[in-house]
Amino acid sequence: MSLTVDIRHRLATFELDIQFESNGRLTAVFGPSGSGKTSLVNLIAGLLEPQEGRIAADGRVLVDTGKGIFVPRHKRRIGYVFQDARLFPHMTVSQNLRYGRFFVPTSERYGDVEGVVRLLGIGHLLERRPNSLSGGEKQRVAIGRALLASPRLLLMDEPLASLDDQRKAEIMPYVEQLRDEAGIPIVYVSHSLAEVARLATDVVVLDAGRVAASGATSDILRQLDLLPEEERAEGGVVLDMIVDSHDAAFGISTLTSPAGEIQVAGLDMKPRSAVRIRIRARDVIVSTVRPQGLSALNVLSGVISGISTGGGPFADVLINCGGQSVSARITRQSSETLGLRPGQPVFAIIKSVSFDRANIADFGREPAVAADATRTERVG
Amino acid sequence: MQSLQWLLDLTPDEWAAVRLSIRVSTVAMIFSLPLGIAVALLLARGRFWGKSVLNGIVHLPLILPPVVTGYLLLLTFGRRGPAGAFLEQYYGIVFSFRWTGAALACAIMAFPLMVRAIRLSVEAVDRKLETAAGTLGANPVWVFATITLPLILPGIIAGMILCFAKAMGEFGATITFVSNIPGETQTLPSAIYTFTQIPGGNSGAMRLTIISIIIAMTALIASEVLARRAARRLAIE
């Protein structure tokens, strides 16, 4: 599956000029409010017609202003999960779910109602009316409704934005399952770094209607300058790791990756399952000598690949650990005192990592319970 | 019991007036419904040149004296009127001095009320729901049939009942256009009017007045029940 977008479109307040191509399973469209994220998905869905340009999904041209092609929205087979679920109030949950199915030729239908209902955990809601559902339940039904229309591409426009943290945690595992199991490419709009880091395989960063960067999630998150102001202090990296072993006596699990080993408090996961962790830049300490007498468990050794300093008191040190990058947010003063420079071998002491239990390749069981889905572990 | 006997002891002409009124109102309501929905949609959503002119024309019967509307109908749909002559020659439809003319007059007089009720409910529909239906594969016709129409159903029911009630009471335009012929164009209001014009007609006028009230109340209660049922389906109670 590939998504190609190359459009120019003037809106009331600014102009969209967007070119990117993505082959990811879940492509996050990331950027501050008003950067054109929703307009971009509306263009892909056919709710907006671009003044100029071309959009193709999976080799199928949806819009090409040069050739006068504009496929109307109901023929695009692109699922759309709106920020406000937009369930039909005059239908039951079950009727909402089956709505789109009716319009798909039998030969092109995939998935089944029972399977989707099970995947999203909405079996007990089927006979209810949308207005009696909670925000999280509505969003799950909306996801199910979009899925059952057998879309070729699924657009999700900040599906979690209107929900509180607990509801977000309730839905995230379902989105992950969708990404890993359903096999439908997803375009996911968000302005939350935490969501992007957790869910995305690829990221397109939008800023004022232009693509500021696009590529694999781990590459993008490393480039802190791309992040919106409020998230910048949060900067960090994402590492894909494998569960290696468990130490029952201490309740410690060891994760491995080319960057080195990371130990965390016991994870209830099978060895060799994949887990994605996020290391925030401010949780990393840089040392020029191998630290001793420290309580921190996790020390990665690497080589400084770059130091970026903004105008402020902080410097971001990028450390290459066995091919994977870890970034550390330290003060410029410390950087000067230690005499840090690119090429220098250093040690990154990691104070804490964030990871989520549901983000596991082992999907045979029920998704993790809501409150437990995301944890930040202080390891040391 | 005796009073009930008195109430139902109608002369053939009085029965004819009751039956005719119900028939005229029902026909007026049913035939103006599709056009009423279309005009309500146009006025609520359309952006076209002359929209305020259309709005004015639709509302004109509400403001004009009914006699004027009736006279205009006579000029247009009378046997010698342009529309009347055309319809008679090509379709064999005659309006003047027929019950069909009474239905036409009632429909036109009630049209603004029907359009207003439906238009309000169209304007209340969240268009985002229609967009959502479009992304699920429904073409515009299906979107209308499965989303818009069910959502405006309470407004349609209200519009139909208003139309029926207005048609039951219509007098001025009807009597001007199709006169007051017993058994053909004498509706309930015309019959009551006739009774008040003859000596000893009080008893007959009172009977028909009570029957008018019963029909009107029944229609209103029926609409109330239907609208509540529709609203419950929408869960907006």
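Reader: What makes E108(A) count as partly exposed?

Author: The relative accessible area of E108(A) is 34%. Buried means under 20% of relative accessible area, exposed over 50%, and partly exposed in between (1.4 Å probe, protein chains only); 34% falls in between, so E108(A) is partly exposed. The model is a predicted one, in which local features need pLDDT of at least 70 and side-chain atom pairs count only at pLDDT 80 or more, whereas totals for chains, interfaces and linings use all residues. Residues are numbered from 1 along each chain as its sequence is written, chains are lettered from A and ligands numbered from 1 in the order in which they are written, and side-chain values use heavy atoms, with hydrogens and water left out.

Reader: Why is the pair of R77(A) and E108(A) called a salt bridge?

Author: The closest N and O atoms of R77(A) and E108(A) are 2.5 Å apart. A salt bridge requires a side-chain nitrogen of Lys or Arg within 4 Å of a carboxyl oxygen of Asp or Glu; at 2.5 Å the pair satisfies this rule, and therefore it is counted. Side chains of opposite charge can pair when their charged atoms come close.

Reader: What does the pair of R77(A) and E108(A) tie together?

Author: R77(A) lies in the loop between β6 (69-70) and β7 of chain A, and E108(A) in the loop between α2 (93-98) and α3 (113-120), so the salt bridge links parts 31 residues apart in sequence. These elements are DSSP runs numbered from the N terminus: helices are H or I runs of at least four residues, and strands are E runs of at least two. R77(A), at 15% relative accessibility, counts as buried.

Reader: How do you know whether D316(A) and R329(A) are buried or exposed?

Author: Relative accessibility is 13% for D316(A) and 17% for R329(A), so both residues count as buried. The two form a salt bridge whose closest N and O atoms are 2.4 Å apart. D316(A) belongs to strand β18 (residues 314-321) and R329(A) to strand β19 (residues 324-331) of chain A, so this pair ties together parts 13 residues apart in sequence.

Reader: What makes E224(B) and R228(B) a pair about one helical turn apart?

Author: Both lie in helix α11 (residues 202-234) of chain B, and they are 4 residues apart, which means a separation of about one helical turn. Their side chains meet in a salt bridge of 3.9 Å, N to O. E224(B) has 46% relative accessibility and R228(B) has a relative accessible area of 43%, so both count as partly exposed. Elsewhere, salt bridges that share partners join D6(A), R8(A), D17(A), E52(A) and R210(A) into one network. Over all chains the structure holds 21 salt bridges.

Reader: How many salt bridges does the rule find across the interface of chain A and chain B?

Author: The rule finds 1 across that interface. K128(B) pairs with D84(A), the closest N and O atoms being 3.6 Å apart. On the side of chain A that touches chain B, the elements giving two or more residues are β7 (78-81) and α4 (135-148). The residues of that side divide into 13 nonpolar, 4 polar and 5 charged. Here Ala, Val, Leu, Ile, Met, Phe, Trp, Tyr, Cys and Pro count as nonpolar, Asp, Glu, Lys and Arg as charged, and the others, Gly among them, as polar.

Reader: What area do chain A and chain B bury between them?

Author: About 1900 Å² is buried, 69% of it on carbon and sulfur atoms; buried area is the accessible area (1.4 Å probe) that two parts lose on being put together, summed over both. In the interface, 22 residues of chain A are in contact (heavy atoms within 4.5 Å) with 21 residues of chain B.

Reader: Why is S190(B) called buried?

Author: Its relative accessible area is 0%, and therefore S190(B) is buried. S190(B) is found in helix α10 (residues 188-196) of chain B. Leaving aside neighbours within four places in sequence, S190(B) is in contact with F171(B), N180(B) and T185(B).

Reader: What is notable about phi of S150(A)?

Author: Phi of S150(A) is positive, about 50 degrees, although the residue is not a glycine. S150(A) sits in the loop between α4 and β8 (153-157) of chain A and, at 0% relative accessibility, counts as buried. S179(B), also other than glycine, has a positive phi near 65 degrees. S179(B) is placed in the loop between α9 (172-178) and α10 of chain B, and its 28% relative accessibility makes it partly exposed.
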